[in-house]
Amino acid sequence: MLSILKKGASAPTFSLLDQDENRIALSDFKGKKVLVYFYPKALTPGCTTQACDLRDAKTELDALGVVILGISPDLPAKLRSFEQKKALNFTLLSDPDHQVAEQFGVWGEKKFMGRTFDGIHRISFLIDENGVIEQVFDKFKTKDHAQVVLDYLNG
């Protein structure tokens, strides 16, 4: 059973390596809204659809003052490949031991094609300028993720 962080909770502080092996911390973005989106695996169909959707909406999200951080268990080299192959224009973070995913409550049992395994659940968190979770997005299609976020922000 997942215990996903809720709206109003303080976002866990974290520091992870990005696709270029730079250490990036949530605190680097204090004073800005941050969309932290968790996805299972770089370069897979659903994750690619979701990342490209966010890539294409980045100008609109920038205009609303939102920084995008994508987090998966992939290592930096795989994230770099994902960024380059799909021309991604935002930061991807490597959480290989799924410590940050566990802190946000998005790591847990999944079922896919008759198999049961532990993995990342596709959930996003909008963190406000003070590090508080403003909104949790857990019901969206990968191709509509950016629109769901934009609709909330423009609401």
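## Working through a predicted fold

Asp62 has a relative accessibility of 41%, which makes Asp62 partly exposed. Keep in mind that this is a predicted model. Here are some exercises to get you around it.

**Exercise 1. Find the salt-bridge partner of Asp62, and say which helix holds the pair.**

Step 1: Look for a nitrogen that the side chain of Asp62 can meet. Lys58 supplies one, and the two side chains form a salt bridge at 3.0 Å, N to O.

Step 2: Place both residues. They sit in helix H2, which covers residues 58-63. Lys58 and Asp62 are four residues apart there, or about one turn of the helix.

Step 3: Put the pair in context. Across the model, the count of salt bridges is eight.

**Exercise 2. Work out which residues are linked with Lys33 in a network of salt bridges.**

Step 1: Start with Glu129. Its salt bridge with Lys33 has its closest N and O atoms 4.0 Å apart, and the cut-off is within 4 Å. This pair joins distant parts of the chain, 96 residues apart: Glu129 is in the loop between strands S8 (124-127) and S9 (133-137), while Lys33 is in strand S3 (residues 33-38).

Step 2: Move on to Glu134. Here the closest N and O atoms in the salt bridge with Lys33 are 2.4 Å apart. Again distant parts of the chain are linked, with Glu134 in strand S9 and Lys33 in strand S3, 101 residues apart.

Step 3: Put the two together. Lys33, Glu129 and Glu134 make up a network of salt bridges.

Step 4: Check who is covered up. Buried means under 20% relative accessible area. Lys33 has 15%, so Lys33 counts as buried. Glu134 is buried too, but Glu129, with 30%, counts as partly exposed.

**Exercise 3. Trace the seven-strand sheet and explain why S2 and S9 each have one side without a neighbour.**

Step 1: Write down the order. The open sheet runs S2-S1-S5-S4-S3-S8-S9, and its pairing is mixed.

Step 2: Look at the two ends of that order. Strand S2 (23-25) and S9 stand at the edges with a single partner strand each, so one side of each has no neighbour in the sheet.

Step 3: Consider how the strands are turned. On average, neighbouring strands in this sheet make an angle of 35° with each other, direction ignored.

Step 4: Zoom in on one pairing. Strands S1 (residues 15-18) and S5 (residues 91-94) run antiparallel and are joined by two bridges. Within this pairing, Leu17 faces Ser94 in S5.

**Exercise 4. Say which strands helices H1 and H3 meet.**

Step 1: Take H1, residues 45-56. It lies across S3, S4 (66-72) and S8, and runs at about 165° to S3.

Step 2: Now take H3, residues 76-85. This helix packs on the sheet and touches S1, S4 and S5, its direction making about 160° with that of S5.

**Exercise 5. Decide how many disulfides there are, and say how far apart the sulfurs of Cys47 and Cys52 lie.**

Step 1: Count. The number of disulfides is zero.

Step 2: Check the distance. For Cys47, the nearest cysteine sulfur is that of Cys52, 11 Å away. A disulfide needs sulfur atoms within 2.5 Å, so this pair does not qualify.

Step 3: Ask whether the two cysteines are buried or exposed. Cys47 is buried, with a relative accessible area of 1%, and Cys52, at 14%, counts as buried as well.

Key: Residues numbered from 1 in each chain as written. Predicted model: local features only at pLDDT ≥ 70, side-chain atom pairs only at ≥ 80, totals over all residues. Heavy atoms only, no water. Buried < 20%, exposed > 50% of the residue type's maximum accessible area, 1.4 Å probe, protein only. Pairing = 2+ DSSP bridges. Axes fitted to C-alpha atoms, helices over the stretch in contact; angles between N-to-C directions. Contact = heavy atoms within 4.5 Å.
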